[in-house]
Amino acid sequence: MKRSNIFSGKYRLPAIAAGLLLAMTACTKNFERYNTDNTGIPDNMLEADFYNLSYLKTATMAIYNFSGGGDPNSFQLQQNLNADCFSGYMASATPFNGGRNNLSYFMMNGWNGEAFKVGYLSVMGQLAKLRASNIPKDFPAVWAVAQIVQVTAMSRVTDIYGPIPYSKAGTSKTSIDYDSQQEVYTRFFKELDTANAALRDFISSGKTLPFNFSNFDLVYDADFTKWLQFSNSLRLRLAMHIIKADKATAQAEAEKALDPAKGGVITTNDGNMNVKIIGAGYTNPLVFIAQNWNDIQINASLQCYLTGYKDPRLSRYMSRSTDAAIPSQYVGIRLGSITSSNSKSDYVGYSAINYQGGMFKLNTPVQLMTAAEVYFLRAEAALNGFNNAGGTVQDLYEKGINTSLEQWHAVDASYVNNSTNTPDAYVDPKNTQNNIDTPSHVTVKWVESAPLAEKQERISTQKWLAMFPEGQEAWTEFRRTGYPKLFPVVNNNSGNTIDSKIQVRRLPFPQNEYNTNGAAVNKAIGLLSQPADNGGTRLWWDKP
């Protein structure tokens with residue numbers, strides 16, 4: 001990690017949500033890179049030769065920010081040192097800020113605006129340029145892909161902060177109002193309606209494009225049918241997010257997503273939403289941080305579920321420890337256990353993502369949605385009595401598990417029927433004060449006679465295991481369902497703003513927004529579930 005970047009707070013972005021979408025100049029040192037095409041071709045040539053679609057490439061990479069040039073600092077702050085850890089997937093041996101940081105619930109202002117900045121600079125800002133070109137009018141199916149990318153990216157931003165500027169983004173150079181999260185979700189569904197209609201029209205017409213769109217499509221190589229299936233799957237994900245806040249809308253949108261006449265959802269692993277690593281200097285940022293900086297390790301919660309279940313994906317996900325004191329063990333780190341008394345060397349040899357065994361490489365595509373996740377979404381829809389789920393709850397649950405095992409080349413026919421194994425208790429070989437009993441006694445095998453809550457726990461737990469290593473969506477699922485049950489933080493430095501039992505619910509609004517858009521931010525706080533801009537405040541869809 002480059003400490004000068006992570007702690008400096010150098011990004012001073014005047015009215016990010018407003019002015020940057022109008023391509024304003026800004027005094028952040030990275031704005032030039034984020035807000036310009038990387039081909040080096042003048043704008044007038046971009047328009048003529050369709051190279052303006054490079055803006056789409058940049059936006060797609062920024063969903064999970066690739067930040068090239070061997071410098072994934074942005075991703076580390078965008079997601080890795082918040083959602084990846086809050087989800088129960090990751091933890092760090094590095095005692096950032098003397099152990100007082102996000103991972104011990106001391107919310108770092110200098111870190112926690114990055115997801116907001118990337119969303120507006122590198123996604124919305126880029127797609128605003130594309131919107132100003134001929135693409136939306138002349139090639140609506142291509143613009144539909146851009147809309148889907150925007151909804152994918154910005155749904156993550158709202159699920160981090162809650163209210164965000166969205167419907168009026170780009171309308172002012174000085175200030176801009178925030179939409180409530182409910183309003184943002186309503187707009188997402190409408191944008192997916194528009195995008196899906198354009199895709200279905202293009203697919204049914206048999207039209208072709210006068211350029212090779214695969215040069216700009218980092219996901220599906222210009223396969224618009226797969227984009228349509230991903231869009232429907234994304235609609236289903238967003239619908240299930242809001243099931244506790246607005247069940248009627250959740251049901252309507254889920255049933256629309258699952259309507260076979262609408263194009264279908266992802267059902268096989270060749271339809272997974274994976275963003276390819278293309279371009280000089282770009283790497284998978286999670287792998288880079290784990291392999292090159294040793295700044296991220298496996299969370300004790302994930303380790304205990306995998307080892308307890310004797311999960312066949314264990315050796316795919318995790319490496320064995322390299323610490324000479326505890327050689328060749330699968331052992332994670334409890335969140336919040338690293339304090340000022342620790343040095344990085346104390347725990348850096350605990351398990352990491354398995355880059356050593358070759359499962360995760362610097363050019364491994366970034367996984368954002370899988371067929372397995374969609375099966376679990378369908379299982380939950382069926383559990384709630386929604387139409388069009390396409391199977392029984394048990395059938396969809398088991399397909400979710402087996403599709404994930406296939407994805408990771410870890411097929412084991414007996415796993416889905418295991419009715420005895422449960423998650424392990426955690427034992428820290430170096431500090432018994434971190435030891436804790438098992439978080440759950442739920443088993444893998446489906447039990448039709450089980451109470452509704454137990455059924456939901458099974459679905460959510462196996463879904464969580466299948467979504468690894470995509471921590472942003474995993475954190476969202478933990479917050480909205482309460483599952484899987486995760487170990488509480490060891491040291492809670494939140495000043496009583498975050499309850500250790502229910503854990504972190506959101507990130508505070510960026511300090512730069514207070515500095516440049518303060519009136520709107522203060523109004524946005526009033527849109528939260530309680531008027532407190534801290535990590536303990538629930539989002540609109542996050543109901544007890």
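Start by selecting Gly482: in this predicted model, Gly482 sits just after helix H20 and takes a positive phi of about 85 degrees.

**Helix H20**

From there, step back along the chain and select residues 471–481, which make up H20. Colour them by burial and you will find that 11 of the 11 residues are buried, so the helix is largely enclosed by the rest of the structure. The buried set includes charged side chains as well as others: look for Glu473, Glu477, Arg479 and Arg480, and for Trp475 and Phe478 among the rest.

What do the buried residues of H20 pack against? Show helix H6 (73–80), helix H7 (83–86) and helix H10 (140–161), then add helix H12 (224–241), helix H17 (371–383) and helix H19 (452–467).

Before leaving, zoom in on the N-terminal end of H20, which Glu470 caps. Draw a distance from its side-chain oxygen to the backbone nitrogen of Gln472, and you should read 3.3 Å.

**Gln76, in one of the partner helices**

Next, pick Gln76, which you will find in helix H6, one of the helices that the buried residues of H20 pack against. Is Gln76 buried or exposed? With a relative accessible area of 0%, Gln76 is buried, since the cut-off for that label is under 20%. Now display Asp295 too: a polar contact of 3.2 Å joins its side chain to that of Gln76. Glu114 is also worth a click, as its C-alpha atom is 9.0 Å from that of Gln76, although the two residues are 38 apart along the chain.

**The nonpolar core**

Now turn to the largest nonpolar core, which has 168 residues; Trp227, Met273 and Ile353 touch the most other members. The largest share of this core, 14 residues, comes from H10, a helix you already have on screen as a packing partner of H20.

Centre the view on Ile353 and show what surrounds it. Leaving aside neighbours within four places in sequence, Ile353 is in contact with Met90, Leu286, Val287, Ala290, Ile298, Tyr317, Ser319, Phe360 and Phe468.

**Helix H5**

For a short detour, select residues 54–62, helix H5, where 8 of the 9 residues are buried. Among those buried are Tyr55, Leu56 and Met61, along with Ser54 and Thr58.

**The largest pocket**

Finish at the largest pocket, which holds about 370 Å³ of space. To find its centre, select Thr364, Pro365, Gln367, Gln407 and Trp408, the nearest of its 15 lining residues. Coloured by type, the lining shows 7 nonpolar, 7 polar and 1 charged residue.

Notes. Residues are numbered from 1 along each chain as its sequence is written. This is a predicted model: local features need pLDDT of at least 70, side-chain atom pairs count only at pLDDT 80 or more; totals for chains, interfaces and linings use all residues. Side-chain values use heavy atoms; hydrogens and water are left out. Buried means under 20% relative accessible area, exposed over 50%, partly exposed in between (1.4 Å probe, protein chains only). Helices (H or I, at least four residues) and strands (E, at least two) are DSSP runs, numbered from the N terminus. Contact means heavy atoms within 4.5 Å. A polar contact is a pair of N or O atoms within 3.5 Å; within protein, one must be able to donate a hydrogen and the other to accept it, and residues adjacent in sequence count only if both atoms are side-chain atoms. On a 1 Å grid over the protein atoms alone, a cavity is a set of points where a 1.4 Å probe fits but cannot get out, and a pocket is an open set with protein on both sides within 12 Å along at least five of seven lines; lining residues have an atom within 4 Å of a point. Grid points are joined across faces, edges and corners, and a volume is the space filled by probe spheres set on the points. Ala, Val, Leu, Ile, Met, Phe, Trp, Tyr, Cys and Pro count as nonpolar, Asp, Glu, Lys and Arg as charged, and the others, Gly among them, as polar. A nonpolar core is a set of buried Ala, Val, Leu, Ile, Met, Phe, Trp, Tyr and Cys residues joined through side-chain atoms within 4.5 Å.
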